[in-house]
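Dear colleague,

I am handing over the structure we spoke about, and below it I set out what was found. Please keep it open while you read.

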Amino acid sequence: IAAMEDIAHTDASRTNNDIWLHLTTGRMILEQGGIPRLDAYSFTRAGAPYVAHEWLAQVLFWCVFRASGVTGLILIKPLALMITALLLWRASLGLGAGPIASLWAAVLAILSMTSHLFVRPHLFTFMMLAAATLLLVRVRDGDRRWLGILVALQLVWANLHGGFILGIALALAGISFLAAGLGALVSLANPYGPGLYRFILIFNEPVFRRRIREWASPFQEPFFGSLHFWIYTAVLVLTALA
């Protein structure tokens, strides 16, 4: 309750109402010493199965809030941007791009992220995806020592955010079948095991794509024609040319 009252006086709460759920769930996990399995939030579905697929991120958010309040949560965003940009810059250099091209690659990535900069677990996916890119470049160059770090990253990622499947897809796109296989295997080390994969696939259903803004197509309203739509299109064109 104290956390909610504190955040309710900030502008962040009016644009990012998910933070209430993340902070409360993180507090519950630490206080109860376990991952919630039943819905304790909804009036009409109380007691229904509940999948806290972002449990580790929620615990981290609650710890940051307890230590430094709203200010600490706000600082997570620029920190995530900085780490993501740095990792992408290094990955671009590793792929053979020059310093200027690598810098622009990082800038375009950050511009693409700014449309969705909320204190939510997907911030970890931004960082993890950039880190996985860099590690896959190192593995591709023949340094297998980084493969273990990449697999460990995938394990943590699977407990932070559902975007962990992007790490597996990225490894497949990079023709690193060993990294993809190991990543898929260690991702099973979560509170729900294979059920986590089933849960992620649920979001492919039309009802979610219609109702959840993040899952809407960039080529439809409300995104089509916006500034970030053109940034996204530019990234796609540059990727195809590359």
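In this predicted model, α5 passes α12 in a left-handed crossing, meaning that the near helix is turned anticlockwise from the far one by less than a right angle. The axes of α5 (residues 99-113) and α12 (residues 227-241) come within 9 Å and cross at roughly 145°, where axes are lines fitted to C-alpha atoms over the stretch in contact and angles run from 0 to 180 degrees between N-to-C directions. Leu108, Leu111 and Ser112 of α5 make the contact with His228, Ile231, Val235 and Leu238 of α12, contact being heavy atoms within 4.5 Å.

Helix α4 (residues 55-94) has 40 residues, yet its end C-alpha atoms are only 33 Å apart, short of the 58 Å of a straight helix at 1.5 Å a residue, a span that is reckoned as 1.5 Å times one less than the number of residues. α4 bends by about 130° at Ser68, as the angle between axes fitted to the seven residues ending there and the seven starting there.

Overall, the protein has twelve helices and zero strands, these being DSSP runs (H or I, at least four residues, for helices; E, at least two, for strands) numbered from the N terminus.

Residues are numbered from 1 along each chain as its sequence is written. Local features need pLDDT of at least 70 and side-chain atom pairs 80 or more, while totals for chains, interfaces and linings use all residues, and side-chain values use heavy atoms, without hydrogens and water.

Best regards
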